[in-house]
Amino acid sequence: MAYVPSSDRYDSMKYNRCGNSGLQLPAISLGLWHNFGSVDVFENGRAIVRRAFDRGITHFDLANNYGPVPGSAEENFGIMLAKDFPGYLRDELIISSKAGYLMWPGPYGEWGSRKYLISSCNQSLKRMGLDYVDIFYSHRPDPNTPLEETMMALDTIVRQGKALYIGLSNYDAVQAKKAIEILKSLGTPCLIHQPKYSMFVRDAEAGLLDVLGEYGVGCIPFSPLAQGLLTDRYLKGIPEDSRAAKSWGFLKAGEITEEKLHKIIDLNDLAKKRGQSLAQMALAWLLKDRRVTTVLIGASSVQQLDNNLGALDNLAFTSEELAAIEKILRS
Ligand SMILES: NC(=O)c1ccc[n+]([C@@H]2O[C@H](COP(=O)([O-])OP(=O)(O)OC[C@H]3O[C@@H](n4cnc5c(N)ncnc54)[C@H](OP(=O)(O)O)[C@@H]3O)[C@@H](O)[C@H]2O)c1
């Protein structure tokens, strides 16, 4: 059946301005790192993307290497765009891609050189069948390439019309500040930063969020559910179809320690008292910080996506609840 987007798709989503820019992003964005590669069921991924758009998620996040196999998530997304999102819908979508991690052999297939970034952007556009992406990211800082070269390559990509905005990912506070200043001097302001940030991974609080707030750069935390740990997924062991059980999944079973499980159980109880799932509480907890523009979730089913979107029904925390969460996380 041909896909017809829901006519009420913009009625219940919350849109937040991305830093000081003119761009608004949905409070929840969808990432295609896992569950959309050539090892996954295409129709499942397609259903998730359709449902996301129907519920106001306009922002889809990809990277050159998403799969497995690397590149296959962009290829699959390109097929979905061609089948379900005909030309006129392109202007309702924010599509991101990135380059930084290993994508092809040889000295030009990873990191932050001008050669790699521009070639990789061209490849991503081809895989997705797009003329431009909305946001193109440097996926990680490169200790061996001058920061100026990496930023100038991003600026070139924008000036060539291959991306509308630039983002940074995995840069620490000091690196981000320098990169943001270089981009500003080039006339291509940094739109957004994508750090790993969740209740379990809080490095961003040690300076990075302050830099982003100071410079008016948006923030899109990735793995906000700690790859599924901050949900009810692992409360009763490791399900066969879960990320931790898959040989290609980035979450390793060994990461689900007794200590972590205790915290997950206590957090889950607290979420229940708030009338939320743990996943919903974990997302709301990130969105309480006004510097956080949108949370970048993953989902392996439409049900998970719907559950996560329910976070928007209760974003407020009492000081007692916040203190109780801190106590559990520090226990
Ligand atoms: N910039 C970077 O370096 C970087 C790195 C990593 C990710 N990212 C981006 O961030 C996106 C999200 O990362 P992520 O997938 O790790 O995010 P996440 O939201 O922390 O984890 C997603 C996983 O959690 C489980 N899950 C989600 N909702 C659930 C629910 N309501 N109930 C139970 N389980 C639920 C699912 O696991 P199961 O598969 O087990 O069902 C799902 O695949 C990626 O797609 C990518 O776009 C960026």
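This is a short tour of a ligand shell, one lysine and a pair of helices in a predicted model.

Residue numbers start from 1 along each chain as its sequence is written. Because the model is predicted, local features need pLDDT of at least 70 and side-chain atom pairs count only at pLDDT 80 or more, while totals for chains, interfaces and linings use all residues.

**Stop 1: the ligand.** Select the ligand and the 31 residues that surround it (C-beta atom, placed from the backbone, within 6 Å of the molecule). The closest are G31, W33, L225, G228 and G298. Now colour β10 (295-297) and α9 (302-309), each of which supplies at least two residues of this shell; helices (H or I, at least four residues) and strands (E, at least two) are DSSP runs, numbered from the N terminus. The largest share, three residues, comes from α9.

**Stop 2: K162.** Next, pick K162, in the loop between α4 (147-159) and β7 (163-169). Is K162 buried or exposed? It is partly exposed, because 19 other C-beta atoms lie within 10 Å (20 or more would be buried, 12 or fewer exposed, with C-beta atoms placed from the backbone). Then add N122, 40 residues apart from K162 in sequence but 8.0 Å apart in space, C-alpha to C-alpha.

**Stop 3: α1 and α2.** Finally, show helix α1 (residues 42-54) and helix α2 (residues 72-84), whose axes come within 11 Å and cross at roughly 60°; axes are lines fitted to C-alpha atoms over the stretch in contact, and angles run from 0 to 180 degrees between N-to-C directions. Select F42, G45, R46, V49 and R50 of α1 with N76, M80 and D84 of α2 to see the contact (C-beta atoms, placed from the backbone, within 7 Å).

Note on methods
Two residues are in contact if their C-beta atoms, placed from the backbone, lie within 7 Å.
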